[in-house]
Amino acid sequence: MTQLALVIDLNVCVGCSACVTSCKAWNTSGAAGPLADLNPYAAKPSGTFFNRVQTFEIGAYPATETVHFPKSCMHCEDPPCVPVCPTGASYKRQEDGIVLVDYDKCIGCKYCSWACPYGAREFDELGKVMKKCTLCVDRIYDKSLPENERKPSCVRACPTGARLFGDIHDPNSPVAQAIREQGGYALLPEWGAHPANHYLPRRKTAMHIHEDELERADNPLLIDSELPSPSLSEPSFDDVASW
Amino acid sequence: MRPAFSVILLTTLIGAGQGLFLALFTVESYATFKLLPASDSAFLAGGSLLALALLIAGLIASFFHLGQPRRAWRAASQWRTSWLSREVIVLPAFCAIVAIYGLIHYSGVNPLLATLPSGAALSLSFVFGSLGTLLAFTLFVCTAMIYACLRFLPEWHTPLTVFNYILLGGASGFTLAAALAAALLPERVGFFVGWAVLITLVGLISRLASLRRNARLKPRSTLQTALGIKHPRIVQKAQGAMGGSFNTREFRHGQTAFFLRNIKWIAIVGAFVLPCLLLAASGPESAAALATLAFFIQYLGLLAERWLFFAQANHPQNLYYPCIP
């Protein structure tokens with residue numbers, strides 16, 4: 001069984017929001033109609049986005065660290081939003097595990113947004129239906145695009161490569177390997193929704209230098225220490241005299 | 001959660017309608033089993049009409065909650081998994097049964113279908129009344145389970161939610177029945193007042209139990225589990241939206257703790273204490289005025305109670321917006 005998902009590397013994300021704007025640009029321009037964008041240039045802009053980047057400060061100054069945190073639909077393996085939908089507009093595709101909303105069936109009751117612990121769904125004030133990340137389902141299977149472009153818009157836009165896309169059920173896929181080898185984790189695991197999207201944690205690359213590396217303990221002849229300086233009249237040899 | 005007024009109206013109006021129907025059928029069952037003299041069918045017909053009006057008013061209110069009300073018919077399709085879908089099916093079915101029940105009593109076409117060995121005569125209206133009772137309780141369960149089935153909203157995810165919907169709907173329905181009986185069937189006022197006070201008091205116990213439970217709940221999720229970052233001090237610097245978003249609006253009630261405390265007392269006094277006192281104080285002459293007043297005060301109290309019910313649910317997605325109070 002295929003389960004497409006995003007793996008987001010928090011160690012690499014710089015919080016530039018390129019994924020946010022490219023997602024909005026792609027998904028507001030497709031066959032599904034525009035995404036709401038209310039007061040875009042006024043004091044209180046508000047619109048529908050499938051993906052948002054939040055920023056958190058971890059710790060207290062001076063020991064702080066900034067984490068940029070992109071979040072979109074988790075495409076849960078056991079999505080709590082799907083069974084509650086009264087119309088069947090919300091569904092999970094068997095073939096690739098993408099959770100989708102049929103905008104023509106949605107009645108806009110917002111019940112699915114109550115049933116999503118991640119707040120991944122946003123009600124569209126323009127279309128009056130619930131919308132959410134589609135993993136760019138209208139892109140990733142588009143045969144008219146070159147093969148390397150058949151990826152979600154956000155993945156292609158990320159300048160640092162913080163967003164990986166693939167089948168997490170295929171153990172050899174880069175996403176499954178990243179989750180396995182780099183400590184990939186799921187958000188809010190306590191609710192048992194088994195989100196397909198994973199996050200890779202911040203990693204520190206620290207160099208540890210021990211005392212014996214500065215001063216060689218295994219050098220009884222003190223080869224590294226200052227060599228004797230014979231007088232200029234005496235013969236000198238390499239590695240024996242200091243000149 | 002942000003309480004939607006359309007949903008508050010829907011749940012309180014249909015609750016009163018279901019309760020009123022249950023009250024009507026209670027008095028008819030008592031008569032069937034010869035515990036009370038037979039009731040005036042004008043009262044049962046008028047009561048059914050009032051119950052139907054409340055149910056339809058609730059149904060209309062629910063449409064204002066929908067973004068695409070013209071597609072509402074689709075909501076009947078997922079009854080296998082969705083309690084909301086089940087409610088959408090059961091509500092019109094219950095309306096139809098209440099209408100038939102009222103018509104039977106209005107027209108007087110109420111043939112005797114069977115006689116039990118005990119001598120109880122089962123008429124057509126008794127069959128439809130039993131069916132209506134079954135649907136009324138099913139509807140209570142469906143409405144309550146819409147909220148009680150959401151496992152990560154612990155304030156709702158409890159059997160108390162179901163008990164509260166049944167008891168509070170029943171209480172307002174029986175109070176309304178007492179007010180109606182004061183106008184149409186004065187000899188049954190005492191019967192309904194007794195039931196209304198009893199159900200209101202049991203409802204008070206059940207609702208206080210759920211308030212106490214909510215006050216003691218420990219959140220299972222934290223900002224740390226939401227982000228997967230183990231650090232006691234995490235401060236949000238950007239929430240991903242400049243002017244707010246659906247996520248910052250839909251999941252908060254936006255009122256102060258002071259307002260929440262006040263609305264709690266308004267709900268307790270308005271929905272339970274005052275109606276009980278008014279009903280208990282009603283005598284043969286004052287019953288019409290006091291029972292009617294009790295119903296309206298209880299209904300307003302239940303509006304506050306339902307607002308509190310929605311406002312108290314704390315959605316885990318709010319963890320991603322810790323800056324918003």
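Two strands count as paired if DSSP finds at least two bridges between them. Helices and strands here are DSSP runs numbered from the N terminus, with H or I over at least four residues for a helix and E over at least two for a strand. With that settled, R52(A) stands opposite K71(A) in strand 5 of chain A.

A note on the source. This is a predicted model, in which local features need pLDDT of at least 70, side-chain atom pairs count only at pLDDT 80 or more, and totals for chains, interfaces and linings use all residues. Residues are numbered from 1 along each chain as its sequence is written, while chains are lettered from A and ligands numbered from 1 in the order in which they are written.

Back to that sheet. It is open, has three strands in the order 5(A)-4(A)-3(B), and is antiparallel in its pairing. Strand 5 (65–72) of chain A and strand 3 (234–238) of chain B each have a single partner strand, so one side of each is left without a neighbour in the sheet. From one strand to the next, the twist averages 35 degrees; for angles, axes are lines fitted to C-alpha atoms, for helices over the stretch in contact, and values run from 0 to 180 degrees between N-to-C directions.

Now the pairs within the sheet. Strand 4 (residues 51–58) of chain A and strand 5 of chain A are antiparallel over eight bridges. Between the chains, strand 4 of chain A and strand 3 of chain B are joined by four bridges, again antiparallel. There, T55(A) has A238(B) as its bridge partner. Helix 1 (residues 18–28) of chain A lies across strand 4 and strand 5 of chain A, at about 165 degrees to strand 4.

Next, the contact between the chains. Two residues are in contact if their C-beta atoms, placed from the backbone, lie within 7 Å. How many residues does each chain give? Chain B gives 46 and chain A gives 46. On the side of chain B, the elements giving two or more residues are helix 3 (83–107), helix 7 (223–227), strand 3 and helix 8 (246–250). Strand 3 of chain B gives the most, with five residues.

The second sheet is in chain A. This open sheet of three strands has the order 10-1-11 and mixed pairing. Its edge strands are strand 10 (163–167) and strand 11 (198–200), each pairing on one side only. Here the twist averages 25 degrees from one strand to the next. Strand 1 (residues 4–9) and strand 10 of chain A run antiparallel, joined by five bridges, and V7(A) stands opposite L164(A) in strand 10. Helix 6 (residues 174–181) of chain A lies across strand 1, strand 10 and strand 11, at about 115 degrees to strand 10.

Two items remain. Helix 5 (residues 159–184) of chain B is mostly covered, with 22 of its 26 residues buried. A residue is buried if 20 or more other C-beta atoms lie within 10 Å of its own, exposed if 12 or fewer, and partly exposed in between, with C-beta atoms placed from the backbone.

Last, Y103(A), in the loop between strand 7 (99–101) and helix 3 (111–114) of chain A. Y103(A) is partly exposed because 17 other C-beta atoms lie within 10 Å. Not counting residues up to four places away in sequence, Y103(A) touches A32(A), G127(A) and V129(A). The C-alpha atoms of Y103(A) and V129(A) are separated by 6.4 Å, although the two are 26 residues apart along the chain.
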